[in-house]
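Okay, thanks for having me, everyone. I've got one structure to walk through today, so let me put it on the screen and then we'll go through it piece by piece.

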Amino acid sequence: MASWSLAWLLAGWVVSLGHEPLVGVAAGSIVSLGLARVASTGVRRFIIAGGFPLSVAACGWAGSIPAWTWLVPLGVLLLVYPVAAWRDAPLFPSAATALDGLQSRLNLAADARLLDAGCGLGHGMRALRREWPDAHVSGVERSRILAFVCALVRPKDCVRCADMWRVSWKDFDLVYLFQRPESMAQAWNKACMELRPGAWLVSLDFPVPGQRPDVVIERPSERALFAYSVQSTGSTRSDLSHLRVQTTPARGRPNGPERAAAAR
Ligand SMILES: C[S@@+](CC[C@H](N)C(=O)[O-])C[C@H]1O[C@@H](n2cnc3c(N)ncnc32)[C@H](O)[C@@H]1O
């Protein structure tokens, strides 16, 4: 509220000096952007930076701004979050420490092949590399502009612009997702169909519905991490729930409720 008020005061002052309203809006927006930089989280930065221009639009001052101006943020939004990606998550970066502790819980080779499915600007890839410094880290991203920027900021990793549901996951030892709850059943089905037995599906914040995670990492003020070991290639989700009851658990892990308790 303080940052929005400051932006409004500045815009009013600029207009009172005889400048066009557009100049006042620009001055207020620049101050908002500057203040947003010191905010602690991405959401706070977004609220601080966006609050002033949105309130300008809402109160009608926008009438004096050329109509085409409003197409610019819409165009940027569509570039960053293309319509084809709307059923999955928009850009929301993983914290640098989001995967801390995972390496010691999963039995993966140091040079394992890791995929961030929906890699955005590469924050998840950075978190993966923090845990597995010698791994082969890849990312696939639906938005062309995000994939382009991600490839620039992660020159040593492999970044592709593609639909994560259409690329094969079969060559990877671990697939990492930070998507939406609605994406998780499809992700699990794809993992069971394509990943080799013993490979991992790891999800930040959103568990796979109806599946018991093999590993759960919960830390104060961090999003929970859920890891699932794929046990048989070509299985579907419902096949697996049948197998879980019928088979001896792999690698000596407990089954059923004990397995969930052990995971936590
Ligand atoms: C919540 S962000 C996570 C970004 C990154 N994985 C991280 O953890 O920092 C989700 C990303 O998935 C991308 N995405 C959504 N649907 C996709 C799809 N079908 N194929 C590839 N990327 C997709 C979005 O564009 C967005 O960048």
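Let's start in the middle of things, with a pair of residues: V175 has L201 as its bridge partner in β5. This is a predicted model, by the way, so everything I quote is computed from it.

That pair belongs to two strands, β4 and β5, the latter being residues 200-204, and they run parallel with four bridges between them. If you follow the chain, β4, then helix α7 at residues 184-194, then β5 form a β-α-β unit, and its hand is right-handed.

Now stay on β4, residues 174-177, and look at where the side chains go. L174 and Y176 point one way, V175 and L177 point the other way, and all of them are buried. That's the textbook pattern: side chains in a regular strand alternate between the two faces of the sheet.

On its other pairing, β4 meets β1, residues 113-117, again parallel and again with four bridges. If you want a landmark there, L114 sits opposite L174.

Let's zoom out to the whole sheet. It's an open one with seven strands, in the order β3-β2-β1-β4-β5-β7-β6, and the pairing is mixed. At the edges you find β3, 158-161, and β6, 215-217, each of them pairing on one side only. From one strand to the next, the twist averages 15°.

Moving along from β1, we get to β2. Those two pair in the parallel sense, over five bridges, and L115 stands opposite S138 in β2. Helix α6, residues 144-153, packs on the sheet here: it touches β2 and β3, and its direction makes about 165° with that of β3.

Then β2 and β3 are parallel too, with four bridges. S138 turns up again in this pairing, opposite C158 in β3. The chain gets from β2 to β3 by way of α6, and that β-α-β crossover is right-handed.

For overall numbers: the chain has nine helices and seven strands. It's 264 residues, of which 30% count as buried. And if you take contacts between residues at least 6 apart in sequence, 59% of them join residues at least 24 apart.

Okay, the ligand, which I suspect is what this crowd wants. Which residues are closest to the ligand? They're D88, S94, G118, G120 and G124, out of 25 residues that surround the ligand. Break that shell down by class and you have 13 nonpolar, seven polar and five charged residues. Two elements that each supply at least two shell residues are α5, 123-131, and β2, 136-141.

So α5 deserves its own slide. Its buried residues are H123, G124, M125, R126, A127 and L128. Among what covers those buried residues are β1, β2 and β4. And remember G124 from a moment ago: it's one of the closest residues to the ligand.

There's a loop residue that ties into this helix as well. L99 is in the loop between α4, 71-80, and β1. Is L99 buried or exposed? Buried, because 24 other C-beta atoms lie within 10 Å. Leaving out neighbours within four places in sequence, the contacts of L99 are A127, L128, R130, E131 and L225. L99 and R129 are 30 residues apart along the chain, with 9.5 Å between their C-alpha atoms.

For contrast, take P133, in the loop between α5 and β2. P133 is exposed, because it has 10 other C-beta atoms within 10 Å. D111 is 22 residues away from P133 in sequence, and the C-alpha to C-alpha distance is 8.4 Å.

Last stop, backbone angles. The general background is that most residues other than glycine have a negative phi. Here are two with positive values. D205, in the loop between β5 and β6, has phi near 80°. S221, in the loop between β6 and β7, 225-229, comes in at about 50°.

How exposed are they? D205 counts as partly exposed, because it has 18 C-beta neighbours inside 10 Å. S221 is exposed, because just 5 other C-beta atoms lie within 10 Å.

That's my tour, so over to you for discussion.

Technical notes. Residues are numbered from 1 along each chain as its sequence is written. This is a predicted model: local features need pLDDT of at least 70, side-chain atom pairs count only at pLDDT 80 or more; totals for chains, interfaces and linings use all residues. A residue is near a molecule or strand if its C-beta atom, placed from the backbone, lies within 6 Å of it. Ala, Val, Leu, Ile, Met, Phe, Trp, Tyr, Cys and Pro count as nonpolar, Asp, Glu, Lys and Arg as charged, and the others, Gly among them, as polar. A residue is buried if 20 or more other C-beta atoms lie within 10 Å of its own, exposed if 12 or fewer, and partly exposed in between; C-beta atoms are placed from the backbone. Two strands pair if DSSP finds at least two bridges between them. A crossover is right-handed if, with the strands pointing away from the viewer, the path from the first strand over the helix to the second runs clockwise. Two residues are in contact if their C-beta atoms, placed from the backbone, lie within 7 Å. Axes are lines fitted to C-alpha atoms, for helices over the stretch in contact, and angles run from 0 to 180 degrees between N-to-C directions.
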